[in-house]
Amino acid sequence: MFKKILVVAGALTLTSCAQIKHTNLTRTDVGLAPERAVFIEIPKDGQYGTINYQNSSLKLVNLLRGEFIKYSSAIEVCEVEACVVETDNNQNAYLVKPKILHWEDRETQWSFRPDVIEIQLSVVDMETGKEVRSTIYKAKSRVIQFFAGTSPEDILERPTREAVASLYL
C-alpha cells in the first residue's frame, strides 16, 4: 500500500511541473550593450479564441521592465506611436517589441487544463533600425494544483528572466 502511495505521489509531482521552452530566432554571438537605453513598446493584449485578457500587455511590460532594469539603467515604456517618436529622438538605444502570441488563463485547479503563455521578443537597434535579437518563449502551468491556481504572470517570471538574460549573453 505504501509503495502505491509513493508511486502516485511521484507521478503527481512529475506531472505538476511547469514547462518552459525558449527558441532563439536570431543566431548571433553579440549581446545587447548594457550602456544603451531600452524602450519597451506596449503590445496588444493577449487573447485566446474570443476571450480578450485585458491588461495582459501591461502585466507583460511590467515583467519585462523589471528584468531589463537589471542590465540597463535607462528603461522607458511607450505606446507604439510614442516609440516611433522616441526612435527618431534617441539613436543610442534599443526598442523591445514584445508580442503576445498566446495567452490562455485557465482555472487549472478545477479544469486540469494548464495556463499557456507564448511571447515573442524582438529587439531593434534604434540607430540602424534593424532587428538585432529575437526570441520566443513559452510557459505552461502545472496541470495538477492542490491550492489556488497560478496566474499567467507567475508562470512568466522565470522564462522572462531567462529570455532577457539571453539577449545580453
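This report describes the overall make-up of a protein and then its largest pocket.

The structure is a predicted model, and the protein in it holds five helices and eight strands. Followed along the sequence, these elements are arranged in the pattern α-β-β-β-β-α-β-α-β-α-β-β-α, with a helix written at each end of the pattern. Of the 169 residues in the protein, 39% are buried, and the protein exposes about 10,000 Å², of which carbon and sulfur atoms supply 54%. When contacts with a separation of 6 or more are considered, 71% of them are accounted for by residues that stand 24 or more positions apart in the sequence.

Empty space can be found by rolling a probe the size of a water molecule over the atoms. In this model the largest pocket contains about 250 Å³ of space, and its lining is formed by 14 residues, among which Pro 43, Lys 44, Pro 98, Lys 99 and Ile 100 lie nearest the centre of the pocket. At least two lining residues come from each of strand 3 (46–48), strand 6 (93–104) and strand 7 (116–125), while the largest share, five residues, is supplied by strand 6.

The lining of the largest pocket can also be divided by residue class, as the table sets out.

| Class of lining residue | Number in the largest pocket |
|---|---|
| Nonpolar | five residues |
| Polar | three residues |
| Charged | six residues |

The lining of the largest pocket therefore brings together charged, nonpolar and polar residues, where Lys counts as charged and Pro and Ile count as nonpolar.

How values were computed:
Residues are numbered from 1 along each chain as its sequence is written. This is a predicted model: local features need pLDDT of at least 70, side-chain atom pairs count only at pLDDT 80 or more; totals for chains, interfaces and linings use all residues. Side-chain values use heavy atoms; hydrogens and water are left out. On a 1 Å grid over the protein atoms alone, a cavity is a set of points where a 1.4 Å probe fits but cannot get out, and a pocket is an open set with protein on both sides within 12 Å along at least five of seven lines; lining residues have an atom within 4 Å of a point. Grid points are joined across faces, edges and corners, and a volume is the space filled by probe spheres set on the points. Helices (H or I, at least four residues) and strands (E, at least two) are DSSP runs, numbered from the N terminus. Buried means under 20% relative accessible area, exposed over 50%, partly exposed in between (1.4 Å probe, protein chains only). Contact means heavy atoms within 4.5 Å. Accessible areas come from the Shrake-Rupley method with a 1.4 Å probe; for residues, only the protein chains shown count as cover.
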